[in-house]
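Here is a set of questions and answers for reading a model at the bench. Please keep the sequence and the structure open while working through them.

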Amino acid sequence: GTRIAYAMRGSGPPLLWAPHWVHHLKFASESPIWSPWLDLLSRHHALVRYDCRGCGLSDRDNLDFSFERHIEDLEAVVAAVGWARFVYFGYGSGGATGVAYVARKPEKVERLALIGSPVRGRLARAATPGDIVEAETRLKVFEIGWASDAPAYGDFIAALHMPDASADQMHAYKDLLRLTTSPATALKLLRGYWQADVYDVVRRIHCPTLVCHARLDALIPFEQGRLFASLIPGARFVPLETRNHVLLDSEPAWLQ
């Protein structure tokens with residue numbers, strides 16, 4: 001009963017992009033952060049992307065944000081476009097969702113590509129009480145800062161994602177945060193993603209896989225990317241020489 005908005009762009013082999021969760025089908029296409037990704041991915045492919053539940057043009061109210069629902073949303077988008085087989089590209093939180101989908105329906109995914117994706121979310125991999133306190137503190141900062149007019153909060157959130165972004169890129173990212181979803185939904189989404197754990201599922205993936213991860217990612221530890229690649233037979237792991245979790249077309253790592 002939840003409506004998920006999706007869009008298609010370009011022509012060629014089918015490619016499904018599960019973007020970073022801060023994504024809005026309409027405004028992302030105008031964003032200096034995500035429009036270069038759109039141009040790149042649709043240059044030689046029929047690209048489908050979608051807004052996750054609670055975000056963008058998808059339904060936003062009275063929703064269940066469990067990990068299982070995210071997998072069902074992905075299944076619904078695939079069914080709607082009618083693809084028999086496609087390449088899956090998961091960015092950040094889209095990685096775990098995609099891996100869970102591939103494990104269930106390996107015949108559907110020809111190749112898998114992941115960037116900045118954790119095997120275990122921040123809360124799932126918390127090993128000490130201090131780790132849990134840090135995670136909960138970050139969530140509280142997000143909750144307060146999302147709707148605050150104080151620049152420091154927005155700067156903190158954007159800097160975690162893109163510490164080396166320009167002032168214009170930081171401003172564009174902060175604007176997109178507020179356009180994408182509400183503070184309450186953002187917290188529910190983050191908590192759900194941070195509780196996700198696909199360690200056992202990853203071992204069932206056997207399609208050709210590319211895993212990329214920023215070497216100095218402040219959001220998702222580099223070792224999570226390395227772990228992802230180590231658990232998938234034959235996967236290729238590419239370290240990205242950047243501090244940015246959200247890769248920008250203005251930095252050298254974009255050319256990797």
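A salt bridge here is a side-chain nitrogen of Lys or Arg within 4 Å of a carboxyl oxygen of Asp or Glu. The model discussed below is predicted.

Q: Which side chain of opposite charge is nearest to Asp51, and how far away is it?
A: Asp51 lies in the loop between β3 (46-50) and α3 (67-81), and Asp51 is buried yet has no salt bridge. A salt bridge would need the charged atoms within 4 Å. The nearest side chain of opposite charge is that of Arg49, at 5.8 Å.

Q: Which backbone nitrogen lies 2.8 Å from a polar atom of the side chain of Asp51?
A: Leaving aside neighbours within four places in sequence, the contacts of Asp51 include Ile4, Ala5, His23, Leu25 and Leu57. A polar atom of the Asp51 side chain lies 3.0 Å from the backbone nitrogen of Leu25. The nitrogen at 2.8 Å from a polar atom of that side chain is the backbone nitrogen of Leu57.

Q: Which helix gives the largest share of the largest nonpolar core?
A: In soluble globular proteins, nonpolar side chains tend to be buried together. The largest nonpolar core in this model has 49 residues, and those touching the most other members are Trp17, Trp21, Trp34, Trp37, Phe89, Tyr91 and Tyr173. The largest share of this core, six residues, comes from helix α8 (residues 183-195).

Q: Is Gly121 buried or exposed?
A: Gly121 sits in the loop between β5 (109-115) and α5 (129-146), and leaving aside neighbours within four places in sequence, Gly121 is in contact with Tyr193, Trp194 and Ala196. The C-alpha atoms of Gly121 and Tyr193 are 6.0 Å apart, although 72 residues separate them along the chain. Because the relative accessibility of Gly121 is 3%, Gly121 counts as buried.

Q: Which residues do ring pairs link into a cluster?
A: By the ring-centre criterion of 6.5 Å, the count comes to ten aromatic pairs. The cluster linked by ring pairs is made of Trp17, Trp34, Trp37, Phe89, Tyr91 and Trp254.

Q: Why does the pair of Phe222 and Phe237 count as stacked, tilted or edge-to-face?
A: Phe222 lies in helix α10 (residues 222-231) and Phe237 in strand β7 (residues 236-240), so the pair ties together parts that are 15 residues apart in sequence. Phe222 is buried at 10% relative accessible area, whereas Phe237, at 22%, counts as partly exposed. The ring centres are 5.4 Å apart and the planes stand at 55°, so the pair is tilted.

Methods
Residues numbered from 1 in each chain as written. Predicted model: local features only at pLDDT ≥ 70, side-chain atom pairs only at ≥ 80, totals over all residues. Heavy atoms only, no water. Core = buried A, V, L, I, M, F, W, Y, C linked by side-chain atoms within 4.5 Å. Buried < 20%, exposed > 50% of the residue type's maximum accessible area, 1.4 Å probe, protein only. Helix = DSSP H or I, 4+ residues; strand = E, 2+ residues; numbered from the N terminus. Lys, Arg positive; Asp, Glu negative; His and termini not counted. Polar contact = N/O pair within 3.5 Å; in protein donor to acceptor, adjacent residues only side chain to side chain. Contact = heavy atoms within 4.5 Å. Phe/Tyr/Trp six-rings, centres within 6.5 Å; stacked < 30°, edge-to-face > 60°.
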